[in-house]
Amino acid sequence: MPAEPGGPGVPRPDITFAYGAAAGLAGDLLLGDPRRGHPVAVFGRAAAAVERGLWRDHRGWGALHTAVCTGGAVAAGALASACTRRSRAAAVALTAAATWAVVGGTSLGREARAIGGALAAGDVEVARERLPHLCGRDPQALDGPGIARAVVESVAENTSDAVVGALFWGAVGGVPGLVGFRAVNTLDAMVGHKSPRHRRYGWASARLDDLAGWPGARLTALLATASGGDPRGAARAWHRDAAKHPSPNAGPVEAAFAGALGVRLGGTLSYGGRVEHRPVLNGGAGRAVEVADIERAVRLSRRVGLLALAVCAGGRLAAGALRRRRS
């Protein structure tokens, strides 16, 4: 592994990320999420404890909560990186461990396939029981086709949140970027929903998640368009329908997946007893989601994740080479 001019054992950040991210993604593909003591779960418990101490029905206190939790995660990542700055092997191992901990593509596919299997067997009740493991929809309000559509939408959105976005920020910021993005995304899932308790308190977390997720969502949509079964249809749906979605990041991803798979996404859904009527994505050209589309969505998600690794690692290596050439 190449080293910096400062010494034979000093890791080069671009090489460290490329090797470590590839190893971490391979670990996710082979092993899935850690079974016990998942770092994201540990962070979630810590963030919940901070919320208990800080909660006020006020945006300012919510912003403080976001700053404390996100800043703490980034600082921990930076400290860990500093401890490995003189060892190539340790730096790569740390990057690999962080990548494995923050990406969740294999678990995403596993949950989606479990629900798809239950639907294929005609067991809608089992599918309803498993759906909360994947998304926050009200399962009792959904029939079989509604569950299948929810799964495909969740696979699309979480490909960006759980894989591509993390790889993008890892390429930009190394281990602090990896853990910082996952911290932001986790906080949004915890307090960013527009419940009465979090409408003001979670505002900062939701806005920061929108900002952090913006580049990963566009990269996900681009890669889904390029690697899906219908690139023209995906590009058309992305261009025409993405802005209709209430989320600035879920819109491009879900629209591109809808076009790539040739299905319709969006429409009426229910979260926590709150009914939303969302615009239909790819409505003019797509058909209703079928159970078999869950497997197609999972395979597309896997391709997008692998392509994202190539793009992010390649971009980081290219940036490093350019910087060395200029110095």
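Residues here count as buried under 20% relative accessible area, exposed over 50%, and partly exposed in between. At 35% relative accessibility, R302 therefore falls into the partly exposed group. Keep that scale in mind as you look around this model, which is a predicted one. It's a chain of eleven helices and two strands, and its radius of gyration is 20 Å, close to the 20 Å the globule rule gives for 327 residues, so the chain is as compact as a globular protein of that length.

**The whole chain**

- Reading along the sequence, you'll go through the pattern α-α-α-α-α-α-α-α-α-α-β-β-α.
- The C-alpha trace spans about 60 × 45 × 35 Å along its principal axes.
- Half the chain is tucked away: buried residues make up 50% of the 327.
- Take the contacts with a separation of 6 or more, and 71% of them join residues 24 or more positions apart.

**Surface and charge**

- The chain's accessible surface comes to about 14800 Å², and carbon and sulfur atoms account for 61% of that.
- There are 40 positive side chains and 25 negative ones, with the centres of the two sets 8 Å apart.

**The nonpolar cores**

- In soluble globular proteins, nonpolar side chains tend to be buried together.
- In this chain, the largest nonpolar core has 62 residues, and the ones touching the most other members are I115, L131, I147 and V151.
- Several helices chip in with at least two residues each, including helix 1 (13–31), helix 5 (105–120), helix 8 (203–227) and helix 11 (292–326).
- Helix 7 gives the largest share of this core, with 17 residues.
- If you'd like one residue to start from, try L131: setting aside residues up to four places away in sequence, L131 touches I115, R137, P139, L142, I147, A150 and V151.
- Another core lies apart from the largest one; this one has six residues, among them F43, A47, C69 and A73.

**In and after helix 7**

- N185 sits in helix 7, and with a relative accessible area of 12% it's buried, because the cut-off for that is under 20%.
- Not counting residues up to four places away in sequence, N185 touches D161 and D209.
- For a sense of distance, N185 and A166 are 19 residues apart in sequence, and their C-alpha atoms are 9.5 Å apart in space.
- Move on to the loop between helix 7 and helix 8 and you'll find H198.
- H198 is a loop residue, and it's buried too, at a relative accessible area of 11%.
- Leaving aside neighbours within four places in sequence, H198 is in contact with E51, W55, M190, V191, H193 and W203.

**Helix 5 and helix 11**

- S107 belongs to helix 5, and its 15% relative accessibility puts S107 among the buried residues.
- Beyond residues up to four places away in sequence, S107 touches G32 and D33.
- R302, the partly exposed residue from the opening, is part of helix 11.
- Which residues does R302 contact, leaving aside its neighbours within four places in sequence? They're L29, T106 and R113.
- R302 and G259 are 43 residues apart in sequence, with 17 Å between their C-alpha atoms.

Notes: Residues are numbered from 1 along each chain as its sequence is written. This is a predicted model: local features need pLDDT of at least 70, side-chain atom pairs count only at pLDDT 80 or more; totals for chains, interfaces and linings use all residues. Side-chain values use heavy atoms; hydrogens and water are left out. Helices (H or I, at least four residues) and strands (E, at least two) are DSSP runs, numbered from the N terminus. The radius of gyration is taken over C-alpha atoms; the globule rule is 2.2 Å times the number of residues to the power 0.38. Buried means under 20% relative accessible area, exposed over 50%, partly exposed in between (1.4 Å probe, protein chains only). Contact means heavy atoms within 4.5 Å. Accessible areas come from the Shrake-Rupley method with a 1.4 Å probe; for residues, only the protein chains shown count as cover. Lys and Arg count as positive and Asp and Glu as negative; His and the chain ends are not counted. The place of a charge is taken as NZ of Lys, CZ of Arg, CG of Asp or CD of Glu. A nonpolar core is a set of buried Ala, Val, Leu, Ile, Met, Phe, Trp, Tyr and Cys residues joined through side-chain atoms within 4.5 Å.
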